[in-house]
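Here's an informal tour of the model, meant for someone who likes to poke at coordinates. Have the viewer open and follow along.

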Amino acid sequence: DKGGHKHFMAKEIAEQPTVLAEAIRSYLTPDGKGIALPGDGIDFTTVDRLTMVACGTASYACLTAKYWFEQFARIPVDVDIASEFRYREPPIPARTTALFVSQSGETADTLAALRYCHEKAERIVSVVNVPESSIARESDLALPIHAGVEVGVASTKAFTCQLVVLLLLALKAATDRGEMSADELAAHLAELRSLPGVLNAALERGKDVRKVARKLAEARDVLFLGRGLMFPLALEGALKLKEISYIHAEAYASGELKHGPIALIDKTVPVVVMAPRDALFDKTVSNMQEVMARGGKVLLITDSEGAQDAGEGVWQQIILPSVAPILTPILYALPAQQLAYHTAIAKGTDVDQPRNLAKSVTVE
Ligand code: F6R
């Protein structure tokens with residue numbers, strides 16, 4: 001049932017405020033000020049290293065979480081794509097927790113990587129949407145993301161729910177390790193509880209994204225740029241776009257621009273810049289100006305402060321509400337998804353069943 005939407009993907013994008021609210025609620029203590037994990041939970045004081053493994057969109061959730069875990073909890077984190085991890089057979093140091101993220105819980109490479117970690121990692125944790133899946137069953141602790149069934153082949157609500165669960169884990173790790181006070185935690189959780197309302201406000205601006213998407217649909221190649229927490233989001237935006245609109249899209253960390261990709265810039269290649277007005281904003285903007293100085297067309301995704309400071313001369317803009325810096329990846333996932341969706345609609349491709357793709361990749 002598409003719930004009145006034309007596609008499952010549209011429905012699943014629209015559902016995000018509701019499913020995220022449920023995911024958040026299920027991990028908070030009744031007073032909303034603390035984090036309660038299911039089962040025996042995790043005591044992060046004994047974790048020296050976190051190894052995160054996944055495929056595709058789920059791997060971008062891991063990459064985002066790396067920033068959170070390192071910044072808040074000061075835990076070193078490796079992120080690997082499962083198909084590389086499993087055959088590289090990396091050494092697993094003592095006191096490593098291995099964390100696997102998978103919507104389906106059945107992805108062959110991720111499951112094989114998990115099995116490789118049996119008896120090597122101190123603890124195996126998974127973040128899954130399907131609690132009875134193989135990956136969940138073979139973990140010491142399985143953390144559900146509560147996204148509900150995801151039908152669209154392109155992952156949307158599962159990604160943002162994965163981000164919520166991973167953020168809560170990083171905040172839990174930070175408090176366990178004495179890197180964050182109970183008051184600071186409570187403040188972050190209050191921000192997180194207000195996120196569904198912010199996402200609703202962002203979804204209401206869907207029409208703006210549709211207008212921009214009609215123009216983007218004319219491109220053959222698109223670049224996505226982002227820095228810090230926006231780098232994994234740029235990767236996700238590019239993946240979503242190529243997956244369902246079949247437009248060639250690549251993502252780079254903004255700082256990598258001058259190490260090669262800037263050679264691609266001309267007026268035919270739109271550059272999507274994801275840049276909330278955060279601590280790295282000025283750096284990203286200076287990369288964006290390098291693009292514009294070479295005749296590149298910039299689509300800036302930012303908040304109203306960012307638009308005020310840097311919107312001049314850009315080709316298109318998508319303006320989002322402002323949120324606390326730690327929440328920007330979850331919010332900026334929405335325009336990344338909507339942009340891909342509306343671009344695909346403008347091109348007439350099959351949004352829910354893109355060619356050559358399967359929802360669950362159970363063979364390698
Ligand atoms: C992209 C997408 C895929 C999956 C990947 C992993 O939109 O859906 O990249 O994220 O195949 O799937 P799961 O999470 O089921 O392991």
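## Sheets, ligand and a few odd residues

In S7, Asp 221 has His 248 as its bridge partner. Keep in mind throughout that this is a predicted model.

That bridge belongs to a longer pairing: S6 and strand S7 (residues 248-253) run parallel and share six bridges. Another pair to look for is Gly 226, which stands opposite Ala 253 in S7. How well covered is strand S6? Strand S6 (residues 221-226) is mostly covered, with five of its six residues buried.

Zoom out a little and S6 and S7 turn out to be part of an open sheet of five strands, with parallel pairing and the order S7-S6-S8-S9-S10. At the edges stand S7 and strand S10 (316-320); each has a single partner strand, so one side of each is left without a neighbour in the sheet. From one strand to the next, the twist averages 20°. Helix H11 (residues 281-293) lies across S6, strand S8 (270-274) and strand S9 (297-303), and it runs at about 160° to S9.

As general background, strands of a sheet pair through backbone hydrogen bonds, in either a parallel or an antiparallel way.

There's another open sheet of five strands to look at, again with parallel pairing, in the order S2-S1-S3-S4-S5. Its edge strands are strand S2 (77-81) and strand S5 (141-144), and each of them pairs on one side only. On average, neighbouring strands here are turned by 20° against each other, with direction ignored. Strand S1 (residues 49-54) is joined to S2 by five bridges, and the two run parallel. If you want a spot to click on, Ala 54 has Ile 81 as its bridge partner in S2.

Now for the ligand. Which residues come nearest to the ligand? There are 14 residues around the ligand, and Ser 102, Gln 103, Ser 104, Thr 107 and Glu 243 come nearest. Here are some polar distances to oxygen atoms of the ligand:

| Residue | Protein atom | Distance to a ligand oxygen |
|---|---|---|
| Val 153 | backbone N or O | 3.3 Å |
| Lys 240 | polar side-chain atom | 2.9 Å |
| Glu 243 | polar side-chain atom | 2.8 Å |

Glu 243 is thus both one of the residues that come nearest and the owner of a polar side-chain atom 2.8 Å from a ligand oxygen.

Lys 240 has a second partner worth a look. Its side chain and that of Glu 236 are joined by a polar contact of 2.6 Å, while a polar side-chain atom of Lys 240 also lies 2.9 Å from an oxygen atom of the ligand. Glu 236 is in helix H10 (residues 230-245). Is Glu 236 buried or exposed? Glu 236 counts as buried because its relative accessibility is 1%, against a cut-off of under 20%. Setting aside its neighbours within four places in sequence, Glu 236 is in contact with Thr 57, Tyr 60, Ser 155 and Phe 159.

On to the cysteines. Searching the whole structure turns up zero disulfides. Why does Cys 55 have no bond to Cys 62? The closest cysteine sulfur to that of Cys 55 is in Cys 62, and at 9.6 Å it is too far for a bond; a disulfide would need the sulfurs within 2.5 Å. Cys 161 tells a similar story: the closest cysteine sulfur is again in Cys 62, 15 Å away and too far for a bond. As for their surroundings, Cys 55 is partly exposed, with a relative accessible area of 27%, whereas Cys 161 counts as buried at 0% relative accessibility.

Last, some backbone oddities. Most residues other than glycine have a negative phi. Arg 74, however, has a positive phi near 55°. Where is Arg 74 found? Arg 74 is in the loop between helix H3 (56-73) and S2, and at 55% relative accessibility Arg 74 counts as exposed. Glu 89 also has a positive phi, near 50°. Glu 89 is in the loop between helix H4 (82-88) and strand S3 (96-102), and its relative accessibility of 52% makes Glu 89 exposed.

Methods:
Residues numbered from 1 in each chain as written. Predicted model: local features only at pLDDT ≥ 70, side-chain atom pairs only at ≥ 80, totals over all residues. Heavy atoms only, no water. Helix = DSSP H or I, 4+ residues; strand = E, 2+ residues; numbered from the N terminus. Buried < 20%, exposed > 50% of the residue type's maximum accessible area, 1.4 Å probe, protein only. Polar contact = N/O pair within 3.5 Å; in protein donor to acceptor, adjacent residues only side chain to side chain. Contact = heavy atoms within 4.5 Å. Pairing = 2+ DSSP bridges. Axes fitted to C-alpha atoms, helices over the stretch in contact; angles between N-to-C directions. Near = heavy atom within 4 Å.
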